[in-house]
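Hello,

I am passing this structure on to you, together with notes on what was found in it. Please look through the sequence and the model first, then read on.

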Amino acid sequence: SACTKPFANTAVTLPYSLVVSPVDEWSTYQRTPGHNAYVPITLNPSRFALKWKWTTTAATGAPLFGQGPNQPAVTDGTAVYTTSGSTRAEGYIYAVNKTTGRSLWSKSLGASWMTNPPAVRDGIVYVATSGLFFNGVEYTWSNSFLWAFRAADGTPVFKEPYPTRWSWPHFFAPTVKDGTVYLNGGDQVLETFAFDATTGMR
């Protein structure tokens, strides 16, 4: 009911609790292991403004499908990780300062048919390359790997081969869940592979 007789200089203490649910960083394609891009917040696009712009360095070769950066992954509040590279070109993985856009480190992934988007979890960045590569004479399948690097400085952790070639148009970024890295691939037939997130053992 409404207050009918207010008293001056009085105070009332009401107990309450505030619960803040943390939201993971954008650490893989569309953020979640389910790749659904869901974030339980409301944003106003009119308040967005360009803070910095970063472009990949030129790679050798003549890529068939372009060479701009892939979908990025973000973690630990400081860095953005992305990849570039495609047919007949050398692929790269890059780390960029999240605040300034300054390049932190980059690593070559060799020449392959396609360099795919990265994922990052627990201080390690994962990226897959698919094998179908034209060496000027014939197509070879020699560069299908799951790569892992230390997020802080790009130190290699492992490089594990897996069978794939024709699945390249359908690659997502690796999905990391409970110590396992999941990756799609396959030779003619699509398959899903699981790797130990620390050792790369498949």
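**The cavity and its lining**

Ser27, Thr28, Arg31, Thr32, Pro33, Ala119, Val120, Arg121 and Val176 line the largest cavity. Please keep in mind that this is a predicted model. The space inside the largest cavity comes to about 50 Å³, and the structure holds 1 cavity of 30 Å³ or more. By type, the lining of the largest cavity consists of 4 nonpolar, 3 polar and 2 charged residues. Which strand gives the most to this lining? Strand β6, residues 119-121, does, with 3 residues.

**The chain as a whole**

The chain has 14 strands and 0 helices. Read from the N terminus, its elements therefore run as β-β-β-β-β-β-β-β-β-β-β-β-β-β, given that helices and strands are what is numbered here. Of the 202 residues in the chain, 41% are buried.

**Two aspartates with positive phi**

Most residues other than glycine have a negative phi. Two aspartates are listed here with a positive value.

- Aspartate 122 has a phi near 55°. Its place is the loop between β6 and β7, the latter being residues 124-130. With a relative accessible area of 72%, aspartate 122 is exposed, because exposed means over 50%.
- Aspartate 178 has a phi near 55°. This residue sits in the loop between β12 (175-177) and β13 (180-185). Its relative accessibility is 71%, so aspartate 178 counts as exposed.

**A nonpolar patch on the surface**

Tyr16, Leu18 and Val20 make a nonpolar surface patch of about 450 Å². Where does tyrosine 16 lie? Tyrosine 16 is in the segment before β1, which covers residues 73-75. Is tyrosine 16 buried or exposed? Tyrosine 16 counts as exposed, because its relative accessibility is 74%.

**Residues apart in sequence, with their distances in space**

Three pairs are worth listing with their C-alpha distances.

- Glycine 110 belongs to strand β4, residues 103-112. Its C-alpha atom is separated by 5.7 Å from that of glycine 91, and the two are 19 residues apart along the chain. Glycine 110 is partly exposed, with a relative accessible area of 24%.
- Glutamate 90 is part of strand β3, residues 89-97. Between the C-alpha atoms of glutamate 90 and methionine 114 there are 9.3 Å, with their positions 24 residues apart along the chain. Glutamate 90 has 24% relative accessibility and so counts as partly exposed.
- Valine 157 is found in strand β11, residues 156-161. Valine 157 and alanine 197 are 40 residues apart in sequence, and C-alpha to C-alpha they are 9.9 Å apart in space. The relative accessible area of valine 157 is 27%, so this valine is partly exposed.

For the three residues just named, the reasoning rests on two limits: buried means under 20% relative accessible area and exposed means over 50%, so a value in between is called partly exposed.

Regards

Conventions
Residues are numbered from 1 along each chain as its sequence is written. This is a predicted model: local features need pLDDT of at least 70, side-chain atom pairs count only at pLDDT 80 or more; totals for chains, interfaces and linings use all residues. Side-chain values use heavy atoms; hydrogens and water are left out. Patches are made of residues with over 30% relative accessible area and no salt bridge: like charges are joined within 9 Å, nonpolar side chains (Val, Leu, Ile, Met, Phe, Trp, Tyr) within 5 Å. Accessible areas come from the Shrake-Rupley method with a 1.4 Å probe; for residues, only the protein chains shown count as cover. A salt bridge is a side-chain nitrogen of Lys or Arg within 4 Å of a carboxyl oxygen of Asp or Glu. Helices (H or I, at least four residues) and strands (E, at least two) are DSSP runs, numbered from the N terminus. Buried means under 20% relative accessible area, exposed over 50%, partly exposed in between (1.4 Å probe, protein chains only). On a 1 Å grid over the protein atoms alone, a cavity is a set of points where a 1.4 Å probe fits but cannot get out, and a pocket is an open set with protein on both sides within 12 Å along at least five of seven lines; lining residues have an atom within 4 Å of a point. Grid points are joined across faces, edges and corners, and a volume is the space filled by probe spheres set on the points. Ala, Val, Leu, Ile, Met, Phe, Trp, Tyr, Cys and Pro count as nonpolar, Asp, Glu, Lys and Arg as charged, and the others, Gly among them, as polar.
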